[in-house]
Amino acid sequence: MGKPPKKKSLADKVRKTKTSSQIKNNAFEVKINRKKFDVLGRKSKHDVGLPGVSRSKAINKRKDTLLKEFRLQNKANKFVDRRFGEYDTKMAPEDKILQRFTLERQRSQTKKDIYNLNEEEELTHYGQSLAEIEKLTDVVDSDSDTDEKGLLSAELTASNFGGGGGLLRKKKPGENDENESQKPKSRQELIEELILKSKQEKRERQTQKEEAQELTEKLDQEWKSIQSLLVHKTPKAERKEEPEKPKLDDYDVMVRELGFEMKAQPSEKLKTPEELAKEERERLQELEADRLKRMLGDVQENSTQKQSHLSADDLNDGFILDNDDRKTLSYEDGMWSVDGGEEEGQKDEEGEEGDGEEEEEEEEEEDEDGEDDSSGVDDEDDEGEGGHSDLDSDQASGAEDEEEEEEEEKGDEGEEEAAKAKPALSEEERKAMQEAAKAELPYTFAAPESFGDLKALLDGHSAEKQRLIVERIQKCNHPSLAAGNKAKLEKLFGFLLEYVGELATRTPPELATVNILIPQVYALCQLFPAAARKVMQSLLSDGAHSMEQSIEVKGRAVFPGLNMMIYLKIVALLFPTSDFRHPVTTPAFVYISQALTKCPVTSLESVSAGLVLCSLAVEFVSLSQRFFPELINFLLGLLHMAVPVDTCTGYLVVPPFRQRGKASELLLLNDAEASNSWSRKAIPLTSVHRVTASTDLEKDHYRLSVLHTCLDLVKRCTLLYRDLPSYDQIFQPVRTLLAKHLPVQSYPSSLQELHREILEALPETPSKRAPLVFAKKKPIPLKLLEPKIVQVLDYGKKRGNTKEERERERLKHKYKKEFKGALRELRKDTRFLAQAKLSDIMSRDAERKRKVRELYGSLATQEGEWKALRKKKRK
C-alpha cells in the first residue's frame with residue numbers, strides 16, 4: 001500500500017504560485033534575524049524567516065478549528081446513539097440486545113429490591129399478576145356494595161351502558177318482544193325505571209346483611225351455651241405439676257419497662273419576644289379598659305358570665321356534666337373574687353395582679369391536663385367497646401346525643417334563673433367600687449418625654465408601685481410594637497438614671513427605692529446597650545470635669561456624692577469590669593483612681609466616702625486581678641490615721657495623706673475602754689453625707705467599724721494580688737505599719753484576729769532579687785575577606801550555584817516563555833474572532849443594503865410605470 005496523500009496547506013499553494021527563489025529574493029517576504037555578534041561553532045536555525053507564510057498558516061489553522069467551534073457554539077444538531085454497544089463492531093447483535101435488556105432490568109430493580117431477600121420476581125401483564133390470571137378466578141368482595149354507596153351495580157351498568165344491551169338498546173327485526181305494540185318509553189321514564197331497580201337491589205342487599213347479622217348473633221349465643229360443655233377440666237389429683245416458668249433476664253425486664261414508659265408529647269411553639277410583648281400590651285390594655293369601666297360604674301358585662309357551650313365533638317365526650325365546675329374570675333370592690341362564694345384575702349394592687357396571673361396560668365395548665373386525661377379515658381373506653389357491633393354503637397351514640405341536648409337545655413335554664421336571681425349592685429357598693437378603681441394604678445402609660453414627666457409619674461408612690469409603673473411603661477412601649485418606641489425607651493433609660501441620682505441626693509436618701517429600680521435599669525440596658533453606654537459616659541465625664549474644675553480653682557477636690565457612687569455601682573452591675581479596655585468601665589476606673597488620689601481626707605464623712613470607693617475598686621478588679629496602686633495607698637493612709645504620730649517610722653504615705661498634719665490622727669481612739677462595748681456594725685451609705693455619731697463613745701465605735709472594714713479590704717487585697725511578682729514589695733509598708741505601729745492591744749478580739757490573719761499572709765522579709773542588668777549578647781564577628789564565587793553564564797545573567805537552583809531557574813524561564821507564548825496566541829485568537837464577527841456584521845449590512853437598494857429600485861420602477869400610465873390616461 002502506498003502512503004496516504006499529504007494534506008496540502010497554504011504554504012504549498014504559495015510554493016506553487018511562486019518558486020522558493022522568488023520568495024527568498026522578495027524583500028517583503030523575507031525577514032532577516034540579525035545577530036549582535038557571532039559565536040564560533042554555534043549553528044543558527046532562524047537566520048531568515050518568512051512571516052507572511054507563517055501568518056497565512058496560522059490563519060488557515062484558526063479557520064479550521066477556532067472558527068468552526070465559534071460557528072457551532074450553542075448549537076446541537078447531532079443525534080448521538082447512546083445505546084450500549086452501538087459502536088462496538090466486535091459484539092454480535094444478539095449479545096447487544098441481551099446486555100441492554102440486563103442493564104434495563106438492573107436499572108429498574110435498583111431501588112425497588114434493596115431489601116428483597118432472594119424472592120422471585122412477579123410477572124405482570126397490563127398491571128395484573130400472571131399467576132392470578134392463570135387461576136381464572138374473580139375475587140368478589142362481599143362488602144364492596146356497602147363501600148360504594150349511591151353507585152349503580154355492576155350488572156345494571158353492564159346491561160344498560162355497556163355494548164348497547166339493556167333498556168336503551170335497539171331491538172332487532174327478528175326478535176320476539178311482547179311490548180312491540182306499546183309506545184316506546186322516553187328517556188326520563190327509562191332513567192326512573194333504572195333508579196327504581198337500583199334502589200330495589202340496594203334494599204335486598206341490606207335485607208341480606210341484616211339476616212346475616214341476626215344469624216351471626218344467634219350463632220354467638222348458641223356457641224356460648226355449648227362452650228361450657230366443650231371445656232374438660234382434669235381433677236387436681238390427676239394434674240401434673242407444671243414446670244416452673246424461667247425467670248426473665250434483666251434485659252427482658254428492661255425491655256418491658258421501656259414499653260410502659262411515657263413517650264414525649266409535642267409541646268407548644270415557643271413565642272418570639274415580639275409576640276410576647278404584643279400579648280403583654282394587649283393584656284394591659286384590657287385591664288385598663290376594665291378599670292375605666294369600673295370607674296364609671298359599668299359592671300354589667302362582668303356581673304354575669306354565660307357558660308360556654310360544650311359541643312358533641314368536644315374532648316370531654318362520654319362524661320356526664322351536671323354542673324360546670326369551672327370558676328369565673330371577676331373584679332369587685334378593687335379585688336379579685338371567684339364566683340361561688342369563695343373570697344381571696346385582700347392584698348395590695350401589685351400582689352393582686354401577680355396572683356391573678358399565676359392563677360390564670362395554673363387554671364390553663366389544669367385545663368390542659370384535664371383534656372389529656374379525658375382523652376386518655378376516652379381512648380380506654382373506645383378500646384373496651386371495640387367488641388360491640390356497629391349497630392349497638394350507633395344506638396348508644398344516639399342516646400348520648402339526646403342526653404347531652406337535654407342537659408344543655410337544663411343548663412341554659414339554670415343560668416337564666418341564676419342571672420335573674422342575682423341582685424344588682426347598690427349605689428354605695430358602686431361608689432366604693434369606683435373609688436377603688438380610681439385608687440388603682442393605670443395599666444397603660446405613655447413614655448415620658450422629659451425628666452419632669454417621669455418624676456411626676458413616680459412621685460407620691462411607694463417603691464414597689466414605682467417599679468410597677470416603670471415596668472408597665474416598658475411593656476406598653478416595647479420597640480417591636482411601634483417605630484418610635486426605641487427612641488422613647490432610650491430616653492427613659494437616661495431619665496431613670498437621673499431619677500436614681502436624685503433619690504440618692506435626698507435627705508434622707510431613698511436607697512430602698514433605688515434598690516428596687518435597679519432591675520428596671522438593667523432591663524433597659526440589655527435592650528439598648530449602645531444608648532446605655534452613651535448615657536453612662538456622659539455622667540462619668542460630667543463628674544470628672546467638675547472634679548478637675550474644683551482642683552483648678554481650689555487646688556483640691558471633695559469626694560464625690562452618694563449619687564456618683566451609686567452610678568459607679570450601676571456601672572459594675574451593667575458592664576463587664578474584667579475587660580482590658582472598655583468604653584464605660586475604663587473611665588470609671590480612672591474616675592475612682594482620681595478621687596482616691598486628689599480628694600483629701602479631713603473628716604469621718606470623707607473616710608466613709610473613701611471606703612465606699614475602695615470597696616468599688618476591689619469589686620472592679622476582683623475578676624481581672626488588675627493591680628490598683630491607688631487602692632493600696634489609700635488603705636495604707638487610713639491605717640496611718642489610727643497610729644500615733646510620734647511612732648510612725650519605717651514607712652511613707654503618699655498624697656492625699658500627710659505624714660504629720662491636722663487629720664493625721666483622725667481614726668485614733670479617744671478612750672481605749674470603748675472597744676469593750678463595741679459590736680460590729682455595717683457602715684451605712686448615708687454616712688457619706690453625715691455621720692450620726694455625736695458623743696465620743698459613738699465616734700470611737702464608728703472608728704472601730706471603719707478600721708474593721710479597712711483591715712477586711714487589706715485582707716481581700718492580699719488574697720487578690722498574691723500571684724504578683726512584686727507582692728512582697730507592694731505590701732511591705734502595710735506589714736511594717738501593722739506589725740510595729742498599730743495599737744492592736746486596745747482593739748476588740750475580732751480586730752485582733754483579722755490583724756493576725758493579715759500578718760500571716762504577708763511575708764516578714766521581702767524576697768531578695770538580683771539587680772537588673774543588660775542581657776548578654778553574642779559578640780559580632782568581623783567580616784570575612786574571602787570572596788564569594790558566583791558562576792556567571794549566559795552572557796552576564798546570574799544563575800544558581802547548585803544543580804537544583806539551576807534546574808529551578810531553567811523551569812522558571814521556560815514557564816515564562818510558555819506563558820508569554822500562550823498570551824500571544826490568546827490575543828491572536830481574540831483578534832481573529834473579532835475580525836470574523838466584524839466580517840459577519842459587514843456582510844449582513846451589505847446584504848441588507850443590497851436588499852434595500854433592490855426595494856428602492858422596484859419601487860422607483862413601479863412609480864415610473866404608474867406615472868407613465870397616468871400621463872397616458874390624461875392624453
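What follows is a friendly conversation about a predicted model and the terms used to describe it.

Colleague: Let's start with the helices. What makes H21 roughly parallel to H23?

Modeller: The axes of H21 (residues 562-574) and H23 (residues 604-621) come within 10 Å and cross at roughly 10°. Angles under 35 degrees count as roughly parallel, so H21 and H23 earn that description.

Colleague: Which residues in H21 and H23 meet?

Modeller: From H21 come Met-565, Leu-568, Lys-569, Val-571 and Ala-572, and they meet Ala-609, Val-612, Leu-613, Leu-616, Glu-619 and Phe-620 in H23. Nine residues of this contact are nonpolar, none are polar and two are charged.

Colleague: How do you know that Glu-619 forms a salt bridge with Lys-569?

Modeller: Their closest N and O atoms are 2.9 Å apart, and the cut-off for a salt bridge is 4 Å, so the pair qualifies. Because Glu-619 lies in H23 and Lys-569 in H21, the pair ties together parts that are 50 residues apart in sequence.

Colleague: Why are Glu-619 and Lys-569 called partly exposed?

Modeller: Glu-619 has 27% relative accessibility and Lys-569 has 34%. Buried would mean under 20% and exposed over 50%, so both residues fall in between.

Colleague: Then Thr-577, please. Why does Thr-577 count as buried?

Modeller: Its relative accessibility is 8%, and buried means under 20%, so Thr-577 counts as buried. You will find Thr-577 in the loop between H21 and H22 (585-598).

Colleague: What is Thr-577 in contact with, leaving aside its neighbours within four places in sequence?

Modeller: Its contacts are Ala-572, Thr-585, Phe-589, Glu-619, Phe-620 and Ser-624. A polar atom of the Thr-577 side chain also lies 3.4 Å from the backbone oxygen of Phe-620.

Colleague: How many salt bridges does the structure hold?

Modeller: There are 25. One of them joins the side chains of Asp-459 and Arg-506, at 3.4 Å from N to O. Asp-459 sits in the loop between H16 (451-458) and H17 (463-476), and Arg-506 in the loop between H18 (485-505) and H19 (511-527), so this pair ties together parts that are 47 residues apart in sequence.

Colleague: Are Asp-459 and Arg-506 buried, exposed or partly exposed, and what makes them so?

Modeller: Asp-459 is partly exposed at 33% relative accessibility, and Arg-506 is partly exposed with a relative accessible area of 23%. The category runs between 20% and 50%, so both values fit.

Colleague: What separates Glu-854 and Arg-850 in helix H29?

Modeller: About one helical turn, because they are four residues apart in H29 (residues 803-874). Glu-854 forms a salt bridge with Arg-850, with the closest N and O atoms 2.5 Å apart.

Colleague: Now the backbone. Where are the cis peptide bonds at Pro-508 and Pro-656?

Modeller: One joins Thr-507 and Pro-508, with omega about -5°, and Pro-508 is in the loop between H18 and H19. Another runs from Pro-655 to Pro-656, with omega near 15°; Pro-656 lies in the loop between H24 (629-640) and H25 (696-720).

Colleague: Last one: why is Asn-74 called exposed?

Modeller: Asn-74 has 79% relative accessibility, and exposed means over 50%, so the label follows. Asn-74 also has a positive phi of about 60° although it is not a glycine, and it lies in the loop between H4 (66-71) and H5 (93-109).

Notes
Residues are numbered from 1 along each chain as its sequence is written. This is a predicted model: local features need pLDDT of at least 70, side-chain atom pairs count only at pLDDT 80 or more; totals for chains, interfaces and linings use all residues. Side-chain values use heavy atoms; hydrogens and water are left out. Axes are lines fitted to C-alpha atoms, for helices over the stretch in contact, and angles run from 0 to 180 degrees between N-to-C directions. Helices (H or I, at least four residues) and strands (E, at least two) are DSSP runs, numbered from the N terminus. Angles under 35 degrees count as roughly parallel, over 145 as roughly antiparallel, 65 to 115 as roughly perpendicular and the rest as oblique. Contact means heavy atoms within 4.5 Å. Ala, Val, Leu, Ile, Met, Phe, Trp, Tyr, Cys and Pro count as nonpolar, Asp, Glu, Lys and Arg as charged, and the others, Gly among them, as polar. Buried means under 20% relative accessible area, exposed over 50%, partly exposed in between (1.4 Å probe, protein chains only). A polar contact is a pair of N or O atoms within 3.5 Å; within protein, one must be able to donate a hydrogen and the other to accept it, and residues adjacent in sequence count only if both atoms are side-chain atoms.
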